[in-house]
Amino acid sequence: MGERVDPITVSVIQHRLHAIVEEMGEAMLRTSYSQILNSSRDFSTAICDPDGRLVAQAEHVPIHVGALPWAVQSVRKFFGDRVRRGDVYLLNDPYHGNNHLPDLTAFVPVFAAQQLVFWSINRSHQSDIGGATHGGYNPGATEIWQEGLRIPPLLLYEAGEVREDVLHLIATNLRHPRDFRGDLAAMIGSARVGERRLLALLAEYGVETTLAGVEAVLDGAERQTRACIATWKDGIYRGEAVLDDDGHRYQDIHVRATVTKRGSDLTVDLSDSHHQVVGFVNSSYANMRSAVAMALAYLIDPHTPKNDGTFRPLTVIAREGTVVWAAAPAPVTLCTNHCAQEIGEAVIKALAHTTVPSRAITLSGRNVPSFFGV
């Protein structure tokens, strides 16, 4: 893209994008059925580009949003060029780019003429997702099928028409089909709000200027992040956090982060973490990547927009088969708390005393598994 956009237009586009995701959140808050959504606000709204790069996110649930790029990539990989205007896609499978099964994600593609330009996205925690226990958290689970209904990339609306048989199939497998249908309608409505506002933005500025503005916004976030990281001391730092147990046979499950800082680049290596366990404290890959991004977001200037550019200085190394990146079919439902908390804690501990002591925070919630009687 060769067009250059003046700084004022870039700023306007950046704030418009932020206003869009915030409005999507307000629509969700006011129309959802379940208390976990309309009171606890356990949902997130975001905009991604066609390749899954995060363009804008609202201030909702950080662990949701950092995982979205892998979910978008999963949908695109499965459906390829079959994506059409009016489609709505669903996904909740942690082994297809999601965090954990209770977080259902709705994707609405946004087209300008025949060009896919954005994805308008809503990820919301469901009050029930089927499985052996009410609510999806099953401390006895030893495999993901015991945790709930798995939805890989799925086409729910095809060119504006709902696939009623598919919707009926999903609702039949849940304990609260009425609430689910209401919440899903709110999710899709929220994403449709994003679609309408993005179309208005594209109509006002044109596709070329809008996309050039987006690139400038992402590049600006990268510059801000790199400027912050560059002030930290170069070196190799290590941090460790421990999960008490997995409710089955493993105790003192370690998450170890080796963080290498060189110039304005950070490499986080989690390869030395404990091998995956029996219980549901394992993390999916997307959840792990989101937890690392979340830790970095806590350490940089809070005024820096959180988008794809923000996380360009970050390289993540991990090993499949560990507790931070479990191999299928391991259960993972608790991972948005544990081991996401421990991943973030290990990274922040590594950087806390030698590099960014003024920004480091103390994480909490180490004993959540005990509430499940595991």
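Ala159 is exposed (over 50% relative accessible area, with a 1.4 Å probe and protein chains only), its relative accessible area being 52%. This alanine sits in the loop between strand S6 (154–158) and strand S7 (161–162), where helices (H or I, at least four residues) and strands (E, at least two) are DSSP runs numbered from the N terminus. Its phi is near 50°, a positive value in a residue other than glycine. Most residues other than glycine have a negative phi, and most peptide bonds are trans.

The model is predicted: local features need pLDDT of at least 70, side-chain atom pairs count only at pLDDT 80 or more, and totals for chains, interfaces and linings use all residues. Residues are numbered from 1 along each chain as its sequence is written, and side-chain values use heavy atoms, with hydrogens and water left out.

A positive phi, near 60°, also occurs at Arg41, in the loop between H2 and S1. Arg41 is partly exposed (between the 20% limit for buried and the 50% limit for exposed), with a relative accessible area of 47%. Two cis peptide bonds can be described in the loop between S11 and H9. One runs from Ala328 to Pro329, with omega near 10°, and Pro329 is found in that loop. Another joins His338 and Cys339 with omega about 25°, and Cys339 lies in the loop between S11 and H9.

Helix H1 (7–31) has 25 residues, and its end C-alpha atoms are 36 Å apart, in agreement with the 36 Å that it should span at 1.5 Å a residue. The expected span of a helix is 1.5 Å times one less than its number of residues. The buried residues of H1 (under 20% relative accessible area) include Val10, Ile13, Leu17, Val21 and Met28. Their cover includes helix H2 (35–38), strand S1 (43–48), S2, strand S5 (115–125), helix H6 (177–205) and H7. Leu29 lies in H1 and is buried, with a relative accessible area of 15%. Apart from neighbours within four places in sequence, Leu29 is in contact (heavy atoms within 4.5 Å) with Leu37, Asn38, Arg41 and Phe43. The C-alpha atoms of Leu29 and Ser40 are separated by 9.5 Å, although these residues are eleven apart along the chain.

Helix H9 (340–352) reaches 18 Å from its first C-alpha to its last, close to the 18 Å expected for its 13 residues. H9 is mostly covered, with eleven of its 13 residues buried. These buried residues pack against helix H3 (62–65), strand S8 (235–245), strand S9 (251–262), S10 and H8.

The largest nonpolar core (a set of buried Ala, Val, Leu, Ile, Met, Phe, Trp, Tyr and Cys residues joined through side-chain atoms within 4.5 Å) has 46 residues, of which Trp232, Leu270, Val324 and Ile343 touch the most other members. Two or more residues of this core come from each of helix H7 (207–230), S8, S9, S10, H8, strand S11 (314–317) and H9. H8 gives the most, with nine residues. Apart from this core lies another, of 26 residues, among them Leu37, Leu104, Ile144 and Leu154. Leaving aside neighbours within four places in sequence, the contacts of Val324 include Val255, Leu270, Met288, Cys339 and Ile343.

Pockets and cavities were located on a 1 Å grid over the protein atoms alone: a cavity is a set of points where a 1.4 Å probe fits but cannot get out, a pocket is an open set with protein on both sides within 12 Å along at least five of seven lines, and lining residues have an atom within 4 Å of a point. Grid points are joined across faces, edges and corners, and a volume is the space filled by probe spheres set on the points. The largest pocket has a volume of about 530 Å³. Of its 26 lining residues, Gln57, Glu59, Thr304, Pro305 and Lys306 lie nearest its centre. H8 supplies the largest share of this lining, five residues.

There are two cavities of 30 Å³ or more. The second largest cavity holds about 40 Å³ of space and is lined by Leu266, Val268, Val292, Leu296, Leu299, Leu314, Val347 and Leu351. H8 provides the largest share of this lining, three residues.
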